[in-house]
Amino acid sequence: MSKIIKNGQIVEDAWQVVKLAEGETADAVTFGANQLLPLAVWQARKDEILALGAPIGVWLDSAEGPEAIAGDLAHFAVVAVNFPKFADGRGYSTARLLRERYGYTGELRAIGDVLHDQLFFMKRCGFDAYAVRADKDIAAALAGLNDFSETYQAAVDQPQPLFRRRAA
Amino acid sequence: MYRYDSIDQQLINERVAQYRGQIARNLAGTLSDDELRPLRLQNGLYIQRHGPMLRIAIPYGLLAADQLRKLADISRRYDKSVGHFTTRQNMQLNWPKFEETPEILGELATVEMHAIQTSGNCIRNITTDPFAGVAPDELTDPRPWCEVLRQWSTFHPEFAFLPRKFKIAVNAAAEDRAVIRAHDVGLEIVTNESGEIGVRVFAGGGMGRTPVIGKVVREFLPRQHLLTYLDALLRVYNRYGRRDNMYKARIKILVNALGVEEFARQVEEEWAFIKDGPATLTDGEFNRIAAHFAPPAYESLPANDTAFDEAVAGNKAFAAWVKRSVRPHKVPGYAAVTLSLKAAGVAPGDISDVQMDAVADLADRFSFGELRVTHEQNVVLADVRQRDLLEVWTLARAQGLATANIGLLTDMICCPGGDLCALANARSVPIAQAIHQKFDDLDYLHDLGDISLNISGCMNSCGHHHVANIGVLGVDKNNEEWYQVTVGGQQGNATTLGKVIGPSFSAEEVPDVVEALVNVYVENRTDSERFIDTFQRLGIEPFKERAYQGRDRKKTAKQATGEANV
């Protein structure tokens, strides 16, 4: 078990990220409990996975758009979005689209190069779980969720921009 | 000008605390240099050739006198008593200490200033016309629009890690003075046929390695849709802009790859989902912000001040300065004054602490306590009474701020170059100074009239050389400094990219080459022609021929604009 931040708390977590090695196809995966499966595996073996009857988790890489799973969201207990490098910001758009356009309400987890100083932005874009990079101090990173007490823009955590609330 | 409320102030204070923590973690070893890098860049901190450089944000170039005094104070206490104004209307400090940067940001916060998003792959400082609010040719004051954009872009959660930097400029005047066509997004404030106000949106412009003129992606966008449309546009860029090659990551590459029609279509498609959502700008908010830019308490004055007219008639030096530095104003009896930071022997755009204090005093005494930084790296006092011009000139002259060269050949835009900047291929300031020395006769400069000469020390093009009548670009050939020359660029409504005239020159040759180009103009001009007009009539050949005349130049120079086909 490793630790993640979920809903603002540090908790034990059983989900394992399954990755396909170079050249490996979806057939290579042996299913087990609490697996976060690559999009390719979900797409290739959807019926098998559904037949297992267990909670399902899927992860999107930074180049994989949310459109690919938009119709499947009701099946997922966890959707994770990978940040291969923290400076790759595509996952922020992915997260907003999952929440705001496709109505996903389950756990949305940031995985990969997930660090203290990006958590605030991730939270704003709709993430509620963060697999902080293993070599970092997760307790210290927790503070990153609350770097700012106000926000100008509309986003997932605060759908009203400041100017609509300021005026009130 | 816009003044912070308690929320704006709190956000800036929290930013200082956040940054202080990041630097502390870096010094403690829990935040690596690579991890800190994008974070410090988004607070304006570069690590340069000799140490750090801090770029301080001056939103749309507007400063209050007390803010400039604070910059003077900071430059004295934390730097070498000098600041440098940039082409994004910001200020750079070239010698701060890394460990002291949190203190500097703390100081800035006390006067409603910061260094947020002055670098990094995010939305940068919004720029606009330095004569905003006073220019006779403007449709409306663009500054409230800029402030709306400043707040929207500040800590935008979705767009903090874009493929590359993103620059937005706004123009509301008949003549574009904000180079909007050379920006990632350029916004031209216009009215539609029914009189509604909004913007024409240009996208995909930019200088840098692959200079491109921006293209219209939307002819008219009503004001209330400004933010949702930009959210959609940025989202398309964030998702689909290239991230595999930093030289191909700007939005211009995406726009060109898709074609502007397809890019615009994708933006419209994305926008349809968020249009009319909560981020739709309200009239109430726009008016709240616009109220901060209400005109100051102008006096009722005659359109022409007799004493001023007499002074112009009787004082040749003053008259020369008035001709170049004083511009008409919306309000009778007032004028806008440009103070030149392009004196001989000074790095273009540099301003000393003493000069900063002096300019702040001038602003307080003569211009309602405000001033503007121009993208040409000068300073504007926008609201000076005609009858005060002589005194302003006298005081500015005493500070070396009244060189009568605005818009002339020696009013060069110039980046800090290889003397300071780690990115530079070559030095730029010594070239500017050598050109200045060669053209030190003010009467001759006035006779030459409007010529823009811009210098960049590398193809990042901070010196805007692509849009200069004469552009000079530092290139590196086998670890030697060489300079490529372009001719025929211009900014404004007819923004044009200059053309490379051929193989590059050594530093020593550059002033002679400039002289050769100028001579072609002088020998061929008609009475009413500016340099650019003569160039457009004659074409590049006579300029090219003269520039290389008597120079035994083998075709060795690799063209620095090698990606022009992208």
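Helices (H or I, at least four residues) and strands (E, at least two) are DSSP runs, numbered from the N terminus. The structure is a predicted model, in which local features need pLDDT of at least 70 and side-chain atom pairs count only at pLDDT 80 or more, while totals for chains, interfaces and linings use all residues. Residues are numbered from 1 along each chain as its sequence is written, chains are lettered from A and ligands numbered from 1 in the order in which they are written, and side-chain values use heavy atoms, with hydrogens and water left out.

**Exercise 1. Place Pro136(B) in the chain and list its contacts outside the local sequence.**

Solution. Begin with the secondary structure: Pro136(B) sits in the loop that runs between strand S6 (127–128) and H5 of chain B. Next come the contacts, where contact means heavy atoms within 4.5 Å: once neighbours within four places in sequence are left aside, Pro136(B) is in contact with Pro328(B), His329(B) and Lys330(B). Finally, a distance: the C-alpha atoms of Pro136(B) and Asp309(B), which are 173 residues apart along the chain, are separated by 21 Å.

**Exercise 2. Decide whether helix H5 of chain B is mostly covered or mostly open, and describe what follows H5(B).**

Solution. The criterion is relative accessible area: buried means under 20%, exposed over 50%, and partly exposed in between (1.4 Å probe, protein chains only). By this criterion helix H5 (residues 143–153) is mostly covered, since eleven of its eleven residues are buried. Among them are the charged residues Arg143(B), Glu147(B) and Arg150(B), together with Trp145(B) and Trp152(B). Just after H5(B), Phe155(B) takes a positive phi of about 60°.

**Exercise 3. Work out the order of the strands in the open sheet that contains S18(B), and the sense in which they pair.**

Solution. Two strands pair if DSSP finds at least two bridges between them. Five strands form this open sheet of chain B, in the order S16-S17-S18-S19-S20, and the pairing is mixed. The edge strands, each pairing on one side only, are S16 (413–414) and S20 (499–500).

Step through the sheet from S16(B). Two bridges join S16(B) to S17(B), and these strands run parallel; here Ile413(B) has Asn454(B) as its bridge partner in S17(B). Strand S17 (residues 453–456) then pairs with S18(B), again in the parallel sense, over four bridges, and Asn454(B) stands opposite Gly471(B) in S18(B). From S18(B) to strand S19 (residues 480–487) the sense is antiparallel, over eight bridges, with Gly474(B) opposite Tyr483(B). S18(B) and S19(B) form a hairpin with two residues between the strands, in which Asn478(B) takes a positive phi near 50°.

As a last step, consider how covered the strand is: seven of the eight residues of S18 (residues 470–477) are buried, so S18(B) is largely enclosed by the rest of the structure.

**Exercise 4. Trace the pairing of strand S9 of chain B with S8(B) and with S10(B).**

Solution. On one side, seven bridges join strand S8 (residues 185–191) to S9(B), and the two run antiparallel; Glu188(B) has Arg200(B) as its bridge partner in S9(B). S8(B) and S9(B) form a hairpin with five residues between them, and Gly195(B) in the turn has a positive phi of about 85°. Five bridges join S9(B) to strand S10 (residues 215–222), also in the antiparallel sense, and the partner of Val201(B) in S10(B) is Arg218(B). Strand S9 (residues 197–203) is itself mostly covered, with five of its seven residues buried.

**Exercise 5. Characterise the surroundings of Asp411(B) and of His446(B).**

Solution. Take Asp411(B) first, which lies in the loop between helix H13 (389–398) and S16 of chain B. Its relative accessibility is 9%, so Asp411(B) counts as buried. Not counting residues up to four places away in sequence, Asp411(B) touches Lys342(B), Glu376(B), Asn378(B), Asn405(B) and Ile406(B).

Turn then to His446(B), which lies in helix H15 (residues 442–448) of chain B. With a relative accessibility of 15%, His446(B) counts as buried. With residues up to four places away in sequence again not counted, His446(B) touches Ala320(B), Lys323(B), Arg324(B), Ala404(B) and Leu408(B).
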